[in-house]
Amino acid sequence: MGESQLPTMLKSSVCTMNNAPRDQIPLLSKSRFMAGLQCHKRLYLECYHRDLADEISASQQSIFDAGTEVGVLARKMYSGGILIGEDHLYHEESVKSTATMLCDRSIPAIYEAGFLFDDVRVRVDILARVEGDAFDLIEVKSNTELKDEHLYDIGIQAYVLQGCGIKVKRAYLCHIDTDYVYQGGDYDLRQLFELEDITRDTQRLQSEIPTLLAMMRSPLQKLEPPNIQIGRQCTKPYDCPFSGYCHQDEPEHHISQLPRASETLLSSLKEAGINDIRDIPVGFPGLNAMQQRVRDCVVDNRWYLDPHLSLELSQLEYPVHFLDFETFNPVLPLYPGTRPYQVIPFQWSDHILGKDGVLSHEAFLYDGFDDPRESFARSLLASLGESGSIVVYSGFEESRIRDLALALPHLSGDLMSILDGRIVDLLKLIRKYCYHPEFHGSFSIKAVLPALVSNLGYDDLDIGEGGTASAAYAEMIRPETTPERREWIRGALLAYCKRDTQAEVHLVKVLRNRLETSSSQ
């Protein structure tokens, strides 16, 4: 099979390997196979240097936990099955237990069935008996749609099962259906989940898999990892867990920091031997206006600040509200009338700057176990009042207000009035009129704040980013969470959301001061 026939996500991983041999290489697994499709270096590190992986964040762990919960729930659609209880570390034992269950035709389904073929280990989410010794293979995902990578995920399972002599009649992806509206009580599983028959796609992949496995095993036979440069494969189709390790030696201003750089542009730069933005020559073809601005600021080590920003900031009307929301989007809906992954706001922070220069702060955090949206909306309306500009960072808050207006029709008029000329998106203004070399290509408030405002960041907080805040709130409202733990989370959430609006206040102040200084020179 030629390189042009490889999956797109594997092309960037083809490289020349060190010729030193190993006597033995590890067994592959479904997860390692998927890692190898993404990048051979990732696979190598997964097998030999797992200790170099980035620490799993609280938000990532919450995603993993949600996936596990979804998988357990999906088994109820195939009731009467038997769970193969052996841990994934004890694969040989799971294979033996599975073989015993397969022989018992009274068992309608096996959960977490273990198989080994061609030195590849797999565990199947659900193996449902359909007739005699024929089975349906069901892979459960907490995703909301079929993706290309899912075909290979299920394809490698089908390859191993068929190699073990298991007759796979149909192959399905079971994923979440976001059209499902929760009515309360038990979930309607046939509405919550959607089954997509991908049998034909899975079978088409079977001829590719032996070649793919051989290509993955080749670098595993070497004593050194393959020399693969960082690139798109670092985040596609998944964020690589070895990102920190692989990026540690890159230049401070790597070309990947050019905003919205196309693969064509990055390839052109690499072909010219350029990995550092500071090495991009004047007039290099392919840079758009924003990328040229970034290049100039980095090369000259200076700010870019357009004087037009002064006019934009002068139009802020007092009292100026600096607003931020925190939300979560549970994969399994918690409140009647909501859908899977529906964004639910539970907290806001509002710093209020008066015309006299006095700054005050108001905050809301819902800590009940029921739907927070009504209390959230009413308290928000009371804090914002009917006048004054509302400074936000991105269009996120505006979108959530529109969502609330739809969900709470009795408050719709008041909520929509907030959007009547009062919202000022600071992110748009900074992206249009400002750049600092320490942004490193990002306009996230987490990148912009430390670059422009000294001694103010998020490192001193127990919760320092939105994903962690969402995960913490989900933990706080679980009935089994202790009162002490709930109180700790509450304090951490209040501090984090407050810091976001403090950041907005300080950014506006710094930008105004800088503009005033520039105009007086």
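Contact, as the word is used in this report, means heavy atoms within 4.5 Å. The structure described here is a predicted model.

**Overall architecture**

The chain contains 20 helices and 14 strands. Its C-alpha atoms fill a box of roughly 80 × 60 × 40 Å along the principal axes. Of its 521 residues, 48% count as buried. The accessible surface comes to about 25,400 Å², and carbon and sulfur atoms contribute 48% of that area. Among the contacts in the chain with a separation of 6 or more, 70% are accounted for by residues 24 or more positions apart.

**Helix α4**

Helix α4 spans residues 58-74. Its 17 residues reach 24 Å from the first C-alpha to the last, close to the 24 Å expected at 1.5 Å a residue. The buried residues in α4 are S59, A66, V70, G71, L73 and A74. They lie on the same side of α4, because they cover an arc of only 165° around the axis. An α-helix has 3.6 residues a turn, so residues three or four places apart point the same way. The elements that cover the buried residues of α4 include the strands β4 (120-131), β5 (134-140), β6 (167-176) and β7 (193-197), together with the helices α7 (189-192) and α19 (466-476).

I63 also belongs to helix α4. With a relative accessibility of 56%, I63 counts as exposed, because the cut-off for that class is over 50%. I63 joins I56 and F64 in a nonpolar surface patch of about 310 Å².

**H91 and F115**

H91 lies in helix α5, which covers residues 91-103. Its relative accessible area is 8%, so H91 is buried. Leaving aside neighbours within four places in sequence, H91 is in contact with G114, F115, L116, R121, V122 and R123.

F115, one of these contacts of H91, is found in strand β3, residues 109-117. F115 counts as buried because its relative accessibility is 4%. F115 and Q157 are separated by 42 residues in sequence, while their C-alpha atoms are 8.8 Å apart in space.

The following table sets out the accessibility of the three residues discussed.

| Residue | Relative accessibility | Class |
|---|---|---|
| I63 | 56% | exposed |
| H91 | 8% | buried |
| F115 | 4% | buried |

**Summary**

Helix α4 carries its buried residues on the same side, and its residue I63 takes part in a nonpolar surface patch. H91 of helix α5 is buried and is in contact with F115, a residue of strand β3.

Key
Residues numbered from 1 in each chain as written. Predicted model: local features only at pLDDT ≥ 70, side-chain atom pairs only at ≥ 80, totals over all residues. Heavy atoms only, no water. Helix = DSSP H or I, 4+ residues; strand = E, 2+ residues; numbered from the N terminus. Buried < 20%, exposed > 50% of the residue type's maximum accessible area, 1.4 Å probe, protein only. Patch = residues over 30% accessible without salt bridge, like charges linked within 9 Å, V, L, I, M, F, W, Y side chains within 5 Å. Areas by Shrake-Rupley, 256 points an atom, 1.4 Å probe, with all protein chains shown as cover. Salt bridge = Lys/Arg side-chain N within 4 Å of Asp/Glu carboxyl O. Expected span 1.5 Å × (residues − 1). Arc of directions from axis to C-beta.
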